[in-house]
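This report describes the pockets of one protein model. Please look at the structure below before reading on.

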Amino acid sequence: MSIIQVKGAGGTVGLDRTSFVGARTPHEIQAMIKPLAKLDKLMFTKILKVIVSAILGTKPNYQSIQTLLKENLTEETFAVIYCGIDKLVRLALKIPSASLRKEYFLQDLTDLQIPAEFHEDLATCIFGPVRAQIDEQLTSDRPRFPSLEHLDWRVDVAISTGVLNRVLVRGVTMDMSLSDGSVKNFEMSVSKFQDLRFQVASVLSEMEKLEKRSILKIKD
């Protein structure tokens with residue numbers, strides 16, 4: 001938890017602000033603090049590049065990791081540092097760049113006892129030109145349900161059944177084409193179809209009202 005000093009008409013006021021890693025520091029970050037203090041900047045930069053490449057889709061192999069190991073950096077220590085930096089970077093990337101200010105980010109790194117010589121490399125990763133590419137990759141990798149690509153519907157009339165010779169009951173048949181290539185079919189009564197139309201129209205109306213509220217608009 002950090003304290004932000006805000007100057008106003010009544011003087012300076014302290015406001016609580018939660019770190020980008022959350023109210024409680026994750027175990028992976030806590031575990032890496034001590035070995036990270038003994039790491040040189042060149043090795044830190046190399047590990048950070050491997051992490052960024054992994055986020056962008058290029059997974060590291062064992063041979064590439066072996067080239068980073070030195071006599072004073074065992075595989076166990078490397079794993080602790082790698083997991084800690086990876087956790088820290090991913091938590092920062094979860095926050096939209098417009099919502100996380102660089103000065104607050106740097107202050108959080110200081111509070112986490114991240115050596116100052118590593119701050120600029122981390123800030124470049126979170127706020128630099130590669131951020132747009134990272135955001136795009138994270139969005140494409142996000143697990144999600146298939147989206148609706150196309151919807152067809154038709155009205156069918158049941159003329160008769162095996163029990164009754166004359167029924168004349170109307171029903172609506174829906175055909176949904178999804179983004180994963182599958183097609184879903186289901187039937188509903190006309191009254192249920194009208195209810196579905198009403199509910200969808202209500203949701204769209206509420207979404208339009210929410211979009212007009214200033215609280216949801218990002219301002220500089």
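The largest pocket encloses about 310 Å³ of space. The model is a predicted one.

Sixteen residues, written 16 in the table, line this largest pocket. Those nearest its centre are Ile55, Arg90, Leu93, Lys94 and Leu138. Three helices each give at least two residues to the lining of the largest pocket: H2 (41–55), H4 (75–94) and H7 (131–141). Helix H4 has the largest share, with six residues. By class, the lining of the largest pocket consists of eight charged, five nonpolar and three polar residues.

The second largest pocket has a volume of about 190 Å³. Two strands and a helix each contribute two or more residues to its lining, namely S3 (148–158), S4 (169–178) and H8 (190–212). Helix H8 supplies the largest share of this lining, four residues. The residues that line the second largest pocket are Leu148, Leu151, Trp153, Met174, Met176, Phe186, Phe193, Leu196, Arg197 and Val200.

Which classes of residue make up the lining of the second largest pocket? Nine of its residues are nonpolar and one is charged, with no polar residue. The charged residue is Arg197.

The table sets out the two pockets.

| Pocket | Volume | Largest share of the lining |
|---|---|---|
| Largest pocket, 16 lining residues | about 310 Å³ | H4, six residues |
| Second largest pocket | about 190 Å³ | H8, four residues |

How values were computed
Residues are numbered from 1 along each chain as its sequence is written. This is a predicted model: local features need pLDDT of at least 70, side-chain atom pairs count only at pLDDT 80 or more; totals for chains, interfaces and linings use all residues. Side-chain values use heavy atoms; hydrogens and water are left out. On a 1 Å grid over the protein atoms alone, a cavity is a set of points where a 1.4 Å probe fits but cannot get out, and a pocket is an open set with protein on both sides within 12 Å along at least five of seven lines; lining residues have an atom within 4 Å of a point. Grid points are joined across faces, edges and corners, and a volume is the space filled by probe spheres set on the points.
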